[in-house]
Amino acid sequence: MIVTRFAPSPTGYLHVGGARTALFNWLLARRLGGRFLLRIEDTDVKRNTPTAAAQVMADLRWLGLDWDEGPDIGGPSGPYSQSERRPIYDRYIRRLLDEKKAYYCFDTSEELGALRDEAQTEKRHNLYQRPSQFPTEADVQKARAEGRPVTVRFAVTQTEPIVVEDEIRGQVTFNPADIGDFIILKSDGFPTYHFAVVVDDELMGVTHILRGQEHLMNTPNHQLLQKALGFRIPKYAHMSVTVSDSGGKLSKRERPKALRTAVEAKVGVDHAVLAKAGGISVEELDSFLRGDSAPDMPAIDAMAEFLGVHLPEINVVDFFRSGYLPETMVNFLALLGWNPGDGREIMTRQELIEAFDLLRVTKANSLFDRNKLLAFNTEHIKRTPAETLAGHFRAYLKAVDSPVAGADDALLARIIRLNEGARTLEQIEQKSRFAFIPNEAVCYDPESVRKVLLKGDGLAILRAVGQGLAALKELTPETVETLLRGLAEEKQVGLGKVAQPLRVALCGNTVSLPIFDAAQMLGLNNTLKRIERTLKEFGPSRGS
RNA sequence: GGCCCCAUCGUCUAGAGGCCCAGGACACCGGGUUUUCAACCCGGCGACAGGGGUUCGAAUCCCCUUGGGGCUACCA
């Protein structure tokens, strides 16, 4: 039985890179009928945020990646949060200490920093100088009394090359001479990542460790620890990194960066107003704009919305809020560094599980291509069963606080049907919201008004359309169509010439649902009122 | 700087020595369809990073160069 795990550190939302790692682990476990574990790596007290673990779990659930053991549901090898496992780590630290495989250190971070700088300027590898005699417990007491930090380092004594058998990359060999004695217990009493990960993976029975390539260089350290502790060596597989179109690893810093450039590009942005929109102080904003600090994500999001700029989606929730389907994300992420080998691209979770194979994971880094993601979303919107899609759409509407949320199930289903071919849920929302806002709230897009209403005889046609509609006994898509087509024929123009002015009058712009249905959704009364308002606002009477 | 990983169209990739003057998808360009935006249909552009080997034969194997990425913390 194989066991895989996803072990995020709760520093914020789950981002796509993490989601991809989680997905591959999940796919591997599901494919081979194994178990998939969720473990929270919260050994860095400074960086953890209290709600992050819950948020990460919510994001995984949205993606449909379920776990068999985890902090919320427990399991045979709990607890599943590292902060709750300190007694366990202490036991193993003690063992290494007793066996003289590890030793105490009392260096301050300033001292270590100085050593690092020195090595840097001399262009040397920074290796920690192991003392000839390990400090005793008495030395520890003394150091504590003096207020010096106490850490524990692992003594790297092996001289033979360390060979990592990577399932994706093959054999990778390391020279232990390049690996300095590294810290395994921090001065705050928490183990470092290297130590906690090794102990937990052993105790939790993890058989396959699939993680990002950034961990490849850590693996020799981990294997050294495993050997020293008498643990088995699990199978390792290091996946390529997902890079951003702006170059480098796709990182959560991109959203703040994009916002900063947007603010810089816009002239005359009132900092006081912008700061207020983000719920932060002007000082915080200025510090952010200088590049000295970054406010938290909700503040970034709020300011971006205020400015009307679209930030690149990085976190899983960003994609949710931009109207992407979880099916899309899972499918797309799976194909970033893996493929089924038979040319298939659009696949369901089940198909992915059945086809997944570590042997087909590619080695090269891949770029996160938003265009292709959009195409995938379009395809999944088409393929997802109506009820499922309606559920996703409801959740989306609620999340973005859309007036369209007021639609009943039948209307929502109809809206979705009318939006066949939409690329995102956001698009569906934008094209439908006209029917859920008060007549006075319609915003007229100046460009559309100019082109459709003012340039030709759009206003005259709109007036005729209004009169025709007013005379209608019943307003249905069919009667509207008959009317508009008749009008077009009468005036010897294309249907577009009569449909477009009506579209602008009802929706405010030229992008909307099919106009016959749009009119019917609005009802005769509102339709006439909006036409009236449009004529009044843009009609020639304005000047007289 | 040191260590490690990687390298096929703009992007994601197929390709495990002859099936490849390299296939698919997205993007792009042209055309069609059309009440808008999409969607849809047809067509087109477009890559084996460079240089050496090995071999009868190399995108596929080896070496070097170049380029990209990662790591180099009391972060994970």
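Trainee: Leaving aside its neighbours within four places in sequence, which residues is Leu484 in contact with?

Mentor: This is a predicted model, in which local features need pLDDT of at least 70 and side-chain atom pairs count only at pLDDT 80 or more, while totals for chains, interfaces and linings use all residues. Residues are numbered from 1 along each chain as its sequence is written, chains are lettered from A and ligands numbered from 1 in the order in which they are written, and side-chain values use heavy atoms, with hydrogens and water left out. Taking contact to mean heavy atoms within 4.5 Å, and leaving aside neighbours within four places in sequence, the partners of Leu484 are Val465, Leu495, Val498, Ala499, Leu502, Ile515 and Phe516.

Trainee: Which helix gives the largest share of the largest nonpolar core?

Mentor: A nonpolar core is a set of buried Ala, Val, Leu, Ile, Met, Phe, Trp, Tyr and Cys residues joined through side-chain atoms within 4.5 Å, where buried means under 20% relative accessible area, with a 1.4 Å probe and protein chains only. The largest one has 51 residues, and Leu484 and Leu502 are among those with the most contacts inside it. Its largest share, 7 residues, comes from residues 495-507, a DSSP run (H or I, at least four residues) that is helix H22.

Trainee: How many residues does the second, separate core have?

Mentor: Trp26, Leu28, Phe332 and Leu352 are included in that second core, which is separate. Its number of residues is 48.

Trainee: What percentage of the atoms of RNA strand B within 4 Å of the protein belong to sugar or phosphate?

Mentor: A residue is near the strand if one of its heavy atoms lies within 4 Å of it, and of the 64 residues around RNA strand B, those that come nearest include Arg169, Lys186 and Arg503. One phosphate oxygen of the strand is 2.9 Å from a polar backbone atom of Gly337, and a polar side-chain atom of Arg360 lies 3.3 Å from a phosphate oxygen. Of the strand's atoms within 4 Å of the protein, some belong to bases, but the share in sugar or phosphate is 73%.

Trainee: Is Lys100 buried or exposed?

Mentor: Lys100 has a positive phi of about 60 degrees although it is not a glycine, whereas most residues other than glycine have a negative phi. The residue lies in the loop between H3 and strand E3 (102-105), a strand being a DSSP run (E) of at least two residues. Because its relative accessibility is 57% and the cut-off is over 50%, Lys100 counts as exposed.

Note on methods: A polar contact is a pair of N or O atoms within 3.5 Å; within protein, one must be able to donate a hydrogen and the other to accept it, and residues adjacent in sequence count only if both atoms are side-chain atoms.
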